[in-house]
Amino acid sequence: MNLLSGASQGGMKRWGFIAALVALAIGCVPSDSYQLEPPALTPVDQFFVANDNGVPTIPADWRLTIDGEVAAPLELTMASLMNLPATTTKATLVCLGDPFDPRILAGNADWTGVPLRALLEAASPLSGAQSVIFHCIDGYRVSFSLAELLQREDDLLAYRMNGVTLPLLQGYPLRLVLPGDTGASWVQWLKRIEVSAAPPLNSFSPIPLHAQFLNPRGGAVLAAGRHSISG
């Protein structure tokens, strides 16, 4: 199974538990993945790459299928997806890995694609549908509550990143973008969206407000005066 965070399932589960406690403690977890001023974009060639099972081969006849407990199944080529109304969302992808390891993989990008909610609504889920299962070419999958997904406004099926075609190492031809959620939910190489009557197996893991200072380094001794702090 491929985890975008490059971390073990155990590590992600531990982090999910810790994140939930922190969220309760601060009383407010925003849907956006940054606060204050929007962060600078991370160049595509410098954006981190994390996966467990390597990069899959993309079929030449790739299509996105939306089926299951729906009244109007969809089969979309990349051309048909790109003909639909698109939106661009600035969001930060954060792979936290082991919560006891201070290293955090993070990158900021403008993600362009089709709003997920619009496609789900176009497929017309049936009354008994409870969850949405995202199937990927490499065999990885996650499932979330249909009702919650229909309430979220910023989720995307992205095919562009910082204005260029989504790179293969970042999930080409299509990846799920869930602003504010941990990286393990941003599935790559998406091929099928299944609306199901089964309960969801996954829950959203919002990233609590946090900061990591990279300059000055820990333990550095600074002369008296003004200094810039970044991270």
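User: What share of the area that the chain exposes do carbon and sulfur atoms supply?

Analyst: This is a predicted model. The chain exposes about 12,100 Å². Of that area, carbon and sulfur atoms supply 54%.

User: How many helices and how many strands are there in the chain?

Analyst: From the N terminus on, the elements run α-β-β-α-β-β-α-β-β-α-β-β-β-β. The chain therefore has an α element at its N-terminal start and a β element at its end, by DSSP runs. The totals are 4 helices and 10 strands.

User: What percentage of the residues in the chain is buried?

Analyst: A residue counts as buried when its relative accessible area is under 20%. The chain has 231 residues. The buried share of them is 40%.

User: Among contacts with a separation of 6 or more, what percentage is accounted for by residues 24 or more positions apart?

Analyst: A contact here means heavy atoms within 4.5 Å. For contacts in the chain with a separation of 6 or more, the part from residues 24 or more positions apart is 71%.

User: Which peptide bond is cis, with omega near 10 degrees?

Analyst: Most peptide bonds are trans. The cis bond leads into Pro173, a residue in the loop between strand E8 (164-165) and strand E9 (175-177). The bond runs from Tyr172 to Pro173.

User: Is Asn162, with its positive phi, buried or partly exposed?

Analyst: Most residues other than glycine have a negative phi. Asn162 has a phi of about 55 degrees and sits in the loop between strand E7 (156-161) and E8. Its relative accessibility is 22%. Buried requires under 20%, so Asn162 counts as partly exposed.

User: Is Trp189 buried or exposed?

Analyst: Trp189 is in the loop between E9 and strand E10 (190-196). Its phi is positive, near 55 degrees, although Trp189 is a residue other than glycine. The relative accessibility of Trp189 is 0%, so Trp189 is buried.

User: What is the relative accessible area of Gln188?

Analyst: Gln188 lies in the loop between E9 and E10. Gln188 counts as buried because its relative accessible area is 3%.

User: How far is the backbone nitrogen of Gly171 from a polar atom of the side chain of Gln188?

Analyst: Gln188 and Gly171 are 17 residues apart in sequence. In space, their C-alpha atoms are 4.1 Å apart. From the backbone nitrogen of Gly171 to a polar atom of the Gln188 side chain, the distance is 3.5 Å.

How values were computed
Residues numbered from 1 in each chain as written. Predicted model: local features only at pLDDT ≥ 70, side-chain atom pairs only at ≥ 80, totals over all residues. Heavy atoms only, no water. Helix = DSSP H or I, 4+ residues; strand = E, 2+ residues; numbered from the N terminus. Buried < 20%, exposed > 50% of the residue type's maximum accessible area, 1.4 Å probe, protein only. Areas by Shrake-Rupley, 256 points an atom, 1.4 Å probe, with all protein chains shown as cover. Polar contact = N/O pair within 3.5 Å; in protein donor to acceptor, adjacent residues only side chain to side chain.
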